[in-house]
Amino acid sequence: MNCVPESVRHVTRAQRVTRRSSWTLILLGCITWSFTTCVAPANAFAQPSMARPSDQVQPKMVKIYGAGGLSGLEAYQSGFLVSPAGHIATAWSYVLDVDPVVILHDGRRFESKIVGFEPALELAVLKIEADDLSFFPIPESNQVSWGDPVLAVSNLFGIATGNEPASVMQGRVAAKTKLDARRGTFQTPYRGEVLLLDLVANNPGAAGGALINPEGEFLGMLGKELRDRKTGVWLNYAIPANVLRQPIGDILAGRKTTLPDDSDPVLPREKSHSPRSLGIGLIPDVLENTPAYIDFVDKESAAARVDLRPDDLIVLVNGRRVSHQRAFRDLLRRIDRRDQVALVVQRDNEILDLVLRP
């Protein structure tokens with residue numbers, strides 16, 4: 001028999017409920033305090049938004065459309081402005097086999113001319129007739145380090161065809177190294193310093209794009225699609241800005257140009273070079289601007305000695321651009337037959353420097 005009065009039992013039960021509620025409130029208070037004191041400071045160290053630099057650099061980017069469309073070759077790539085007068089840096093590729101069309105961020109279209117080319121870097125500089133354009137200053141030193149956050153801005157997959165913004169990928173610098181450590185496994189003439197990236201920068205159309213930091217400053221140019229012939233691994237890389245600064249500056253200043261120099265006299269045919277004097281046969285010249293593709297190479301000729309091959313495309317003669325077969329023949333007519341001829345040729349996706357000695 002329970003001797004405790006009913007009123008006392010009710011009071012005790014009420015006290016237990018009250019104590020329980022108090023402990024619940026205290027526990028909730030501790031959880032709230034822990035969340036506000038532990039989680040909030042973590043937000044203070046979150047990675048800054050990349051939306052602002054992405055928007056800032058759009059006026060400095062261009063879309064480039066040129067040769068391609070056959071055998072699965074894309075006819076587009078990326079570029080970035082390096083002067084307010086319409087100079088554009090990009091990666092040299094088969095897209096530039098013809099004078100390409102350039103589309104600015106606002107949708108304006110321009111025909112461009114190739115005014116400079118650095119074979120060792122696979123760098124080309126185009127020029128359009130436009131003024132007062134936003135552009136990237138090229139820094140003197142390489143300020144990027146391993147682990148730094150970066151943005152890769154490009155026209156990958158040709159998504160932007162008019163005034164649409166260029167595509168943006170976010171990632172980090174995985175490593176700084178030299179590409180010549182992989183000599184013989186990658187088909188590229190470049191053997192210098194590269195920034196390896198932990199983002200996929202080798203998609204079609206991304207070549208020639210810009211690598212920037214969270215402040216929107218230029219860090220490097222996205223390289224072409226590059227695959228290890230032994231392992232099949234694709235390399236995501238950019239050529240650092242400090243490597244590009246001097247060649248771009250030389251081209252802009254006119255110290256290094258691929259434009260023809262009409263001051264060199266045309267020599268008599270018996271005293272000048274010709275395709276046949278070098279042992280080169282070109283494909284039939286049936287178009288208004290037929291490219292200077294090699295059809296055959298004579299045995300024991302100057303061309304054979306440097307291993308020129310059928311389907312090689314002649315890009316430069318003594319540093320001057322070969323836009324078509326007539327230009328090739330004209331340039332050879334200005335070189336004495338006793339002198340050597342420096343050729344830059346494109347073989348598949350590779351650029352080769354060759355010197356033909358008569």
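Asn318 is partly exposed, with a relative accessible area of 39%. In this predicted model, Asn318 sits in the loop that links β16 to β17, and its backbone carries a positive phi of about 50° even though the residue is not a glycine. A second non-glycine residue with a positive phi is Asp307, whose value is near 65°. Asp307 belongs to the loop between α4 (302–305) and β16. At 38% relative accessibility, Asp307 counts as partly exposed, since that class lies between the limits of 20% for buried and 50% for exposed.

These two loops lead naturally to the sheet that contains β16. The sheet is open and has four strands in the order β17-β16-β18-β19, with antiparallel pairing. Its edges are formed by β17 (320–321) and β19 (350–356), each of which pairs on one side only. Helix α5 (residues 325–333) packs on this sheet and touches β16, β17 and β18, with a direction that makes about 40° with that of β16. Within the sheet, β16 is joined to strand β18 (residues 341–347) by four bridges in the antiparallel sense. One point of register is given by Leu316, whose bridge partner in β18 is Val344.

Helix α5 deserves a closer look. Its buried residues are Gln325, Ala327, Phe328, Leu331, Leu332 and Arg333. An α-helix has 3.6 residues a turn, so residues three or four places apart point the same way. The cover over the buried residues of α5 includes β14 (280–282) along with β16, β17 and β18. Just ahead of the helix, His324 lies in the loop between β17 and α5. Is His324 buried or exposed? At 15% relative accessibility, His324 counts as buried, because the limit for that class is under 20%. Leaving aside residues up to four places away in sequence, His324 touches Asn289, Thr290 and Pro291.

His324 and Pro291 turn up again in the lining of a cavity. The structure holds two cavities of 30 Å³ or more, and the largest encloses about 80 Å³ of space. Its lining is made up of Trp92, Leu96, Asp97, Pro291, Ala292, Leu313, Ile314, Val315, Arg321, Val322, Ser323 and His324. Strand β16 (residues 313–317) gives the largest share of this lining, with three residues. By class, the lining of the largest cavity divides into eight nonpolar, two polar and two charged residues.

The second largest cavity holds about 50 Å³ of space. Around it stand Ala91, Leu121, Glu122, Tyr190, Met221, Leu222, Gly223, Lys224, Tyr237 and Ile239. Strands β12 (218–222) and β13 (237–240) each supply at least two residues of this lining. Seven of the residues lining the second largest cavity are nonpolar, one is polar and two are charged.

Another part of the fold worth visiting is strand β8 (residues 149–154). Six of its six residues are buried, so β8 is largely enclosed by the rest of the structure. In a regular strand the side chains alternate between the two faces of the sheet. In β8, Pro149, Leu151 and Val153 point one way, while Val150, Ala152 and Ser154 point the other way, and all of these are buried. What pairs with β8? Strand β9 (residues 167–178) does so in the antiparallel sense over six bridges, and here Pro149 stands opposite Arg172. Strand β11 (residues 210–212) also runs antiparallel to β8, joined to it by three bridges. In that pairing, Ala152 stands opposite Leu211 of β11.

These details can be set against the protein as a whole. The secondary structure comes to five helices and 19 strands. Buried residues account for 45% of the 358 residues in the protein. Among contacts between residues at least 6 apart in sequence, 63% join residues at least 24 apart.

Note on methods. Residues numbered from 1 in each chain as written. Predicted model: local features only at pLDDT ≥ 70, side-chain atom pairs only at ≥ 80, totals over all residues. Heavy atoms only, no water. 1 Å grid on protein atoms, 1.4 Å probe; cavity = no way out; pocket = protein on both sides within 12 Å on 5 of 7 lines; lining within 4 Å. Points joined across faces, edges and corners; volume = space filled by probe spheres on them. Nonpolar A, V, L, I, M, F, W, Y, C, P; charged D, E, K, R; others polar. Pairing = 2+ DSSP bridges. Contact = heavy atoms within 4.5 Å. Axes fitted to C-alpha atoms, helices over the stretch in contact; angles between N-to-C directions. Buried < 20%, exposed > 50% of the residue type's maximum accessible area, 1.4 Å probe, protein only.
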